[in-house]
Amino acid sequence: MSREQKAVERARKAFFTGRSKSLEYRISQLKNLQRFMQERQKEIAEALKKDLKRSEFGTSLYETLGVESEINLALKKLKEWAAPRPVNKSLMTISDQVYIQPEPLGVVLIIGAWNYPWAVTVGPLVGAIAAGNAAVIKPSEVSAHTSKVMEEFLPLYLDKELYPVVTGGVKETQELLKQRFDHIFYTGNGMVGKIIMEAAAKHLTPTTLELGGKSPCYIDKDCDLTIACRRIAWGKYSNCGQTCIAPDYILCDPSIQDRVIEEIKKNIKEFYTENPQKCPDYGRIINQRHFKRLMSLMEGSSIAVSGEHNEAECYIAPTVLRDVKPDAKVMQEEIFGPLLPIVTVNSVDEAIKFINQRDKPLALYIFSSDKKLIDRMIAETSSGGLMANDCLMHFSVSSLPFGGVGDSGMGRYHGKHGFDNLSHMRGVLLKQLKMEAVNKMRYPPHTADKLGWARFFIVRHVDFGSLGRMAMLALMVVFAAVIIQKYFTD
Ligand code: NAD
């Protein structure tokens, strides 16, 4: 039996003991996870420094604070999320109990990516634990130092059987994918996303795919370009552009292109100094393969800002490309690096058409002071998430679902959305062995009269919004029941 198979079997066996279902146990495990995030800050930061040359402040600000906030929220809200959720009643169910009972799915496989390895691996784990599941955690081999920290330290805090960490690359992940899971939560690129879905289909396993894509950023002429470009420069060059929701490219009117370039250039200098290579707040490309990929993406486009690089260090400076043609190399795939192409469009109609002709993006950014224009963008495009006048920040709002649509993925998480996504929403109807007369309309022999009553009860969707109305309707139902009883028992 392979190591992967053993880990899954152990997790399933542990799940069947039922301990992950108790709310007390879920809370204790979440508290352990919280303690892990606090006590192992040093190891986490050091590993990310080695993997991405990310600064300690950057790691806290862009990643671990968010994970801690997710754990805190789950601890605070778990009882509420896990409680039965009463739903609207109909005339047929007025005297019954009708509710949704969230229940654990079973064993969840979490496959993480390397760019924000804690957010995309431990983030979904928070939802999995909160929802009462077991989870097999497969961190990305690409962020090797971080993966080692997860493997070494997580089992010191969490139930090793319920939440095993399985490290490895493609071979190990594919071995895992042969096993049966109750949900697969994958973060990474779309090509592998298809492999995941194919493997999941063999067991009819539901999947969440947190993918990427090219997230457009439209800048309207009617906007404060100084502020807009500062926020865009921050959103683009954080983590060296290796952010799934980074603005991938800018769409703007040709008349503002020069100002946009100047403003972004000014902010690059302000954030990362004259020499970003020496700046502790500016990271590196994850590896040589991605470095080479990014260098080749620049081919055929004019560089407006920087373009400096150093292969030995996997360094590419914050770069802006101007007058980029839609068929340029850099516009054919997700950039996932510090290159910011500007494509000019002559109107908002052209921008909308440009966006809609391509895959549905994970994020869509609009910078404008015109509320009507923003509303139009919302109404006439589609994307995983949308933000006006800022970048990335929607990721930090736990009450918003985070996930893609179409080519940018399926499923969602963060806060209650993560809990719900990894729960089965069981519909429960509890009746009593009374009021049998009401049921006569559904028992043979079927007659036109009975069908008439059935129509009355089934087709009408009565809104039981307020208690007062509910009481009145209850009276009506009792009245109807009395009539039926009389009618059918005659
Ligand atoms: P990656 O190379 O770390 O791969 C992700 C995971 O898939 C890893 O655990 C890896 O072991 C596994 N994997 C890779 N190839 C596989 C194969 N052939 N079969 C089975 N498993 C395999 O990460 P990546 O794909 O380079 O990540 C970058 C992509 O992820 C970008 O497209 C980015 O936009 C996206 N992303 C999305 C989100 C989100 O929340 N939507 C977050 C981060 C990254």
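Where does the ligand lie with respect to domain 1 (3–211 + 415–425) and domain 2 (216–403)? In this predicted model, residues from both domains contribute to the shell around the ligand, so the ligand lies between them.

The chain as a whole has 490 residues, of which 52% are buried. Its secondary structure amounts to 17 helices and 17 strands. Along the principal axes, the C-alpha atoms fill a box of roughly 90 × 55 × 35 Å. Of the contacts between residues at least 6 apart in sequence, 72% are made by residues at least 24 apart. The exposed area of the chain is about 23,200 Å², and 56% of this area is supplied by carbon and sulfur atoms.

The ligand is surrounded by 28 residues, of which Ser 140, Glu 141, Asn 189, Leu 211 and Glu 334 come nearest. By residue class, the shell consists of 15 nonpolar, nine polar and four charged residues. Helix H7 (170–178), strand S5 (183–187) and helix H8 (190–202) each provide at least two residues of the shell. The most is given by H7, with three residues.

Polar contacts to the ligand involve both side-chain and backbone atoms of the protein. A nitrogen atom of the ligand is placed 2.7 Å from a polar backbone atom of Leu 211. An N or O atom in the side chain of Trp 114 is 2.9 Å from an oxygen atom of the ligand, and a polar side-chain atom of Thr 173 is 3.4 Å from an oxygen atom of the ligand. On its own, the ligand has 850 Å² of accessible area, and the protein covers 93% of this area.

Lys 214 is located in the loop between strand S6 (207–210) and strand S7 (216–219). The relative accessible area of Lys 214 is 15%, under the 20% limit, and the residue is therefore classed as buried. Its side chain reaches two backbone oxygens: that of Val 330 at 2.8 Å, and that of Glu 333, which lies 2.7 Å from a polar atom of the Lys 214 side chain. Apart from neighbours within four places in sequence, the residues in contact with Lys 214 are Asp 248, Tyr 249, Val 330, Met 331, Gln 332, Glu 333, Glu 334, Ile 335 and Pro 361. One of these contacts, Glu 334, is also among the residues that come nearest to the ligand.

Technical notes
Residues numbered from 1 in each chain as written. Predicted model: local features only at pLDDT ≥ 70, side-chain atom pairs only at ≥ 80, totals over all residues. Heavy atoms only, no water. Near = heavy atom within 4 Å. Polar contact = N/O pair within 3.5 Å; in protein donor to acceptor, adjacent residues only side chain to side chain. Areas by Shrake-Rupley, 256 points an atom, 1.4 Å probe, with all protein chains shown as cover. Helix = DSSP H or I, 4+ residues; strand = E, 2+ residues; numbered from the N terminus. Nonpolar A, V, L, I, M, F, W, Y, C, P; charged D, E, K, R; others polar. Domains from an automatic or database assignment. Buried < 20%, exposed > 50% of the residue type's maximum accessible area, 1.4 Å probe, protein only. Contact = heavy atoms within 4.5 Å.
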